[in-house]
Amino acid sequence: MLNQKYGVGEKAPRVDGPSKVTGEAKFTADIRLANMLEARVLRSPFPHARIRSIDTSQAEALDGVVAILTGTDLSDIDPYFGHAVRDRPIVAIDAARFAGDPVAVVAAESAHIAAEALELIQIDYEELPAVTTIEAALADGAVRVHDTDALRLGLFHGLGDFKPHDNICYEHHMTRGDVEAVFAEADAIVEGEFRFPAVYQYALETHAATAIWHGADQLEMWANCQHPYLVRAELADMFDLPKANVRLHVPFIGGGFGSKSYTRMEPIAAAMARKAGRPVRVVNSVTESMWTSRRHNMICRMRTAARADGTLLARTAEMWLDTGAYADNGPRVVATAADAAPGPYRWTAYQIDAYGVYTHRSPSGSYRAFGATHLEWIGESQVDQVARKLGMDPLEIRVKNLLKPGEAVRTPGKPMDADLIGDIRKVAEGLEWDKPRPPGVGRGMGIGLLAAGSRPVSTAFARLESEGTVTVMVSTSELGQGARTAMSQIVSQELSIPLSQIRVPDGDTMVTPYDRSTGASRSTTLAGGAVHLAALDLKDQLIAIAASKWQVAGSDIILRDGRAWVGDQSATLSELLFYHFGFSGGELFGRGIVRPEQGQGTYAAGPVFWEVCVGGVEVEVDEETGRIHLRKIVSVADVGTAVNPAMIKGQEMGGAAQGLGNAIFEEMVFSDGQLLNGTMADYRVPKMDDIADEFVSYIVQNEDGPGPYGLKGVGEGILAAMPAAIVNALADIGIHLNELPATPERVWRAIQQSKNV
Amino acid sequence: MNTQPTFKLTTTINGKPVDAEIETRTLLIDFLREHLGLTGTKRSCDMQVCGSCTVLVDGKPVSSCSILAYEVSDRDVLTIEGLAQKGELHPIQQSFLDEYGLQCGYCTPGMVLATLALLNENPNPNDSEIKSFLSGNLCRCTGYFPILNAVRRASERLAQEES
C-alpha cells in the first residue's frame, strides 16, 4: 500500500505499521550496546529524610557490580535539573523528598546483579517531618519541601519574574472586571469544592535511557523522550558540555501522553555511565515510572453566576495543584489549568487563582490535556447546575454563551479561533439530544479549551536523493500519534510521490534539526508546518530544474504522479536530478523553518491555537453496585483540515479511553506519602471489555488552524471532555459528584445520598 | 565469577531448535530479549496484567515476564518475530494494519499473538468473546475499538482462507 501516493486528507496506512506488527520496531530498551552495563536505582522508603551516610562497600564487593553512584559523586558537575525550577538532583544529595526519590544507582554486569546489590547498600536515614497532602503543605508553619530562597529557575522556566516561596512553586492569576459586584447582581449562583485525583499516564513502555561517553566530553544517548532538544540542553548544562557534544537518539516511543516530556532518567544514565566508564542502560519498572511522573491531584473551589435568562456573568476559581516534591512541569500545568478555568464562554468578570504546591509526594508533570482535564468537568458541571436552576436545556445555555470566532478568550491572547457552537451542536446530533432518554439513561456534554502548541519553533529539512527518494529530517518523536505518517503525507501531497519513496527516520539531535517539543498537540501543526515548507522548497527547486531542462517558464510545470510535466513531456524526479548533476548522484535539500513571526496564525499572541475539548456520553448506572456503563461516546475533532482521518479517529478513541480512565477508574492512592497502589495489579486502567457500546466520531474541517492547509492539532481535547460529559450525564440521572474518579463506591454512595434527601 | 545455578535449555523457538546454557533464574522474557535478541516481546507491568510480553507456548498465550525460561524446555514457543512467513504478513498482522489497530506499537506483539491464540481456539468469536479474551492485554493508545475491528477482520480473513 505504501507504493501509492497518499496526500493530505487520505486514509494512508501507517508508515511505521509493518515494523510494529512484526516486532521489528526498536524502542529504547531494545537497544544493546557492546560492553553495556545494566543500572538499577535505589529509592528512598521515606517521604522526607536526611541522608546521614551511605555505605556501599558490601554492594561494591558483590561479583559483577562495576560502579555505584551516590550524591557524593556529583560534586564536579551541576547536579540539579528541572526545566522550570532547578530543584531536582540526579540522586539525593542532602535529603530525600518523596518515597521513591532516587538515592543511589548501581551499574552491574546484569540486571539481576544490580538488583541484588541494591539490597546491600546501607543508608543511615534520619526521618524528617513531611507534608504529604496539599492541606498540610499549605498549613501555617508547614515544613518546607525546599529552601525556596536557594532555588534557581530552569533553562525553560517561562515563569516571568515569579519566585517560588513557602511551599508554592508557582502561582498564576487572571482577572477580568469587578467579580464581586457582578455576583451581587446575579440571579443564579452555584458553588462547590471539587477534588481531582493523582493519576498515572501509564505509557506501556516505561522510562528508559542508555548512555555512552566518548572520551570525557562527548555524551551519546538513546532515550524515550518527547522533547529531545530540551533534554539535550539540560544535559549539556549539567555536565558543562557544548550542546552539540550531547547526541540524543530517540527510537520509537511506546506511548508518551506527557509522561516522557522533559528530562527523566537521562541524567541518571549519563552520570552512571560517566562513573562506570562503560555504557549504561537504565529501565524503570512500572512502579518507578509511577514515581517518575504523574498527573497533579487538585483541590478547586469554584463559583459561577448567571442572569435569569441564562447569560453567564461571572466565575471565580481557586485551585491548588499538588506538584509533589519537584516542580517538573507543574508551573505550566498550573497556568494551563488557570487558562481552562473560565471555560469557552463570554464573561463579564472572572477571578482565577491557581497555585502549584510542593508536597513530599512523587512529582507531577505533564499528562495529555493537562489543566483542561482538571478544570473542564468542574466548570461544565456548574454550567449544567445553572441550567437546572434556571430550567434551561444544557445545549441551549451553551449555545447562548459560547464564544464566537474572533471574540477575546483572555487578554492578552489569541482570540477564539474555532466554531464552538458548531462543535457542540455536533455533539448534540451524535447524542440524539432531542430524543427522549430511555429510563435510567443519562446524557451529558462538555466543552472546553486547551491552550495548545507550546512555543512555535520547529525546523525540518528534506533530502531528495538521486533515485527520487525523500528522507524527512524532523525531530518530532513518534509516540504512536502517527507523526511519521502525517509528515510523509504532507511530502507526498507536495511532491506527488508515493509513501514508499519517503522515509522519516528516528530523531537524532546530531542529524535531525531543532524541534521545541513533542506535546501540546503541536507536531502536525508546527513540525508539520516545517516539513511542509521543506517540501515546498524542494518543489521549487525541482520546478526550476525542469524549467531549465525544457527551456520553459516554471509556471508551465506541474508535479503529478511522481513526475514533472510540461504539456505531455514528463520526467521522473530521478531524471531531473540526473540532468541537474550530470550523473546519477548528488541530492537536493529543502528546508523549512517555523518561528513566531511567521505563519498563518498569530503565534506571537499565543497560544498557537485553542484546542477544542468537546464530547458527549450516554451512560446508565447499576443502582445496586454503582457501576457505570457507557452506552455511547460522541467525539468531535475540530482539526481545521484532516491530514489522515483514520488516524484522527484513532486519537479520539484513544483519548476518550484515557478520559474514561481519569473519570471513573484511575487514582493513585497515597497514605502518608506512600503510594499504595503502585503496580498494574492495583492501579486500574480501562480494559477492552470497558469500552462503550458505540463510538460516534465527527471531524470538523473549517480550515481555521494556523498550520499548513489550515490544520490544527488534535488528540488531547476528547480526554478533557470525557470527565465533564460523564459527570454531567450522571447528574442528568440525579447522581451528583464533586470528586473523581466516579468509582462504583462513590457512585453508590451518591445514589444513597440522593435517596435520603 | 558467576556462582548462579545454570540450566541447559533445549527448546523450539519460532520453529527453530535452540540450545543454550542459561542461569536457571532467567525469565523467559529475558532469554528471548537479551540472549536471543528477539526484542519484539515487550516488558511493561512485569506481573502478568498487561499482556505486552505475551508469547505462545504450544499455541497457548503465556506472559513471558512471569515464567522461567527453563519451563519451556521441549516446548514450542512462538514470538512475534516468528509469525510472518518469508516476509508475508500473517492475516492477523495485516488486519491490525488495515484497521489501524495500533499506534505506539508497544502492546501490538502481545495483542497479535493473543489474537492468534483466540482464533485458534474459537475461529469465529463474537464481540463479547473477543473483549473477554483480550481483556488481559492492555492498550493505552487506541481505545480498543480499532483492535476489536482488527480481530473481527482477521477472523473473516482466516475463514476465507480456509474455504
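This report covers the confidence, chain contact, domains and nonpolar core of a predicted model.

Residues are numbered from 1 along each chain as its sequence is written, with chains lettered from A and ligands numbered from 1 in the order in which they are written. In this predicted model, local features need pLDDT of at least 70, side-chain atom pairs count only at pLDDT 80 or more, and totals for chains, interfaces and linings use all residues.

The model has ipTM 0.98 and pTM 0.97. Chain B has a mean pLDDT (the predictor's confidence in each residue, from 0 to 100) of 97, with 99% of its residues at 70 or more.

Chain A places 48 residues in contact (C-beta atoms, placed from the backbone, within 7 Å) with 41 residues of chain B. The side of chain B that touches chain A has 23 nonpolar, 13 polar and five charged residues; here Ala, Val, Leu, Ile, Met, Phe, Trp, Tyr, Cys and Pro count as nonpolar, Asp, Glu, Lys and Arg as charged, and the others, Gly among them, as polar.

Chain B is assigned two domains, with bounds from an automatic or database domain assignment. Their C-alpha centres lie 22 Å apart.

| Domain of chain B | Residue range | Residues in the contact between the domains |
|---|---|---|
| domain 1 | 6-82 | 15 residues |
| domain 2 | 91-162 | 13 residues |

On the domain 1 side, the residues divide into seven nonpolar, six polar and two charged.

A269(A) touches A39(A), A209(A), T210(A), A211(A), M221(A), V280(A) and V282(A), leaving out residues up to four places away in sequence.

Definitions and conventions:
Two residues are in contact if their C-beta atoms, placed from the backbone, lie within 7 Å.
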